[in-house]
Amino acid sequence: MKTEQLAKRSLQLEDSFRYNLLPEEPVTFQFIFDSDDTFHLIANHEQFEFRPGIESPPTLTLWLDKHTTIWRLLEGTLDGMTAFMGGKYRADGNIVLSQLLLYLFQSPQALLAHEIKD
């Protein structure tokens, strides 16, 4: 994914970024796709940035089927368990962070709706 496309996605997610959910030190979420370009997310308790390519060593690596899956997971329109059980993604590394990632950009209203729906 190109830098410009990632910057556009960052702007879309900026207002829903849940500050203080992550630790102070930066964590790197590496996204590797079956056929789409790789990119990664570097974030801490104050800020985040999506960047193209591979970052070594990542804190957590996620293997996904396609870009749409990660964006839907981050926006909360795709349930993490449903995606995992459907073979759309798997994670390797700090599993606690993989769970936090799923809530990093969801508004409190979306989280409440998700909890009530379940």
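Mentor: In this predicted model, the side chains of glutamate 75 and arginine 9 form a salt bridge, with an N to O distance of 3.2 Å. The two partners come from distant parts of the chain: glutamate 75 belongs to helix H2 (residues 67-75) and arginine 9 to helix H1 (residues 3-14), 66 residues apart.

Trainee: Is glutamate 75 buried, partly exposed or exposed, and how is that class read?

Mentor: The class follows from the relative accessible area: a residue under 20% is buried, one over 50% is exposed, and one in between is partly exposed. Glutamate 75 has 35%, so the residue is partly exposed. Arginine 9, at 22%, is therefore also partly exposed.

Trainee: How many salt bridges does a search of the whole structure find?

Mentor: The search finds three. One of them joins arginine 51 to glutamate 49, whose closest N and O atoms are 3.1 Å apart. Arginine 51 is partly exposed at 32% relative accessible area, and glutamate 49 is partly exposed at 38%.

Trainee: Which residue meets aspartate 65 in a salt bridge?

Mentor: The partner is lysine 88, at 3.8 Å from N to O. A salt bridge is accepted when the nitrogen is within 4 Å of the carboxyl oxygen, so this distance qualifies. Aspartate 65 sits in the loop between strand S4 (60-64) and H2, while lysine 88 sits in the loop between helix H3 (80-85) and S5; the pair therefore ties together parts 23 residues apart in sequence. Aspartate 65 has a relative accessible area of 18% and is therefore buried, whereas lysine 88, at 32%, is partly exposed.

Trainee: How should aromatic pairs be read, and how many are counted here?

Mentor: Two rings pair if their centres lie within 6.5 Å, and planes over 60 degrees apart make the pair edge-to-face. The count comes to twelve aromatic pairs. In one of them, the rings of phenylalanine 17 and tyrosine 19 have centres 4.7 Å apart and planes at 80°, so the arrangement is edge-to-face. Phenylalanine 17 is buried at 5% relative accessibility, while tyrosine 19 is partly exposed at 48%. Phenylalanine 48 and phenylalanine 50 also form an edge-to-face pair, with 5.9 Å from centre to centre and 80° between the planes. Both phenylalanine 48 and phenylalanine 50 are buried.

Trainee: Which residues form one aromatic cluster?

Mentor: The cluster consists of Phe17, Tyr19, Phe31, Phe33, Phe39, Phe48, Phe50, Trp71 and Phe105.

Trainee: Where does the charged end of arginine 90 sit?

Mentor: The charged end of arginine 90 lies over the ring of tryptophan 63, at 4.1 Å from the ring centre.

Trainee: Where is histidine 45 placed, and which residues does it touch?

Mentor: Histidine 45 is in the loop between strand S2 (39-43) and strand S3 (48-52). Its relative accessibility is 17%, so histidine 45 counts as buried. Leaving aside residues up to four places away in sequence, histidine 45 touches Tyr19, Asn20, Leu22, Pro23 and Glu24.

Trainee: What is the corresponding account of glycine 93?

Mentor: Glycine 93 lies in strand S5 (residues 89-93). At 40% relative accessible area, glycine 93 is partly exposed. With residues up to four places away in sequence not counted, glycine 93 touches Thr59 and Leu60. The C-alpha atoms of glycine 93 and phenylalanine 29 are separated by 9.5 Å, although these residues are 64 residues apart along the chain.

Note on methods. Residues are numbered from 1 along each chain as its sequence is written. This is a predicted model: local features need pLDDT of at least 70, side-chain atom pairs count only at pLDDT 80 or more; totals for chains, interfaces and linings use all residues. Side-chain values use heavy atoms; hydrogens and water are left out. Helices (H or I, at least four residues) and strands (E, at least two) are DSSP runs, numbered from the N terminus. Buried means under 20% relative accessible area, exposed over 50%, partly exposed in between (1.4 Å probe, protein chains only). Contact means heavy atoms within 4.5 Å. Rings of Phe, Tyr and Trp (its six-membered ring) pair if their centres lie within 6.5 Å; planes under 30 degrees apart count as stacked, over 60 as edge-to-face and the rest as tilted. A charge sits over a ring if NZ of Lys or CZ of Arg is within 6 Å of the ring centre and within 35 degrees of the ring normal.
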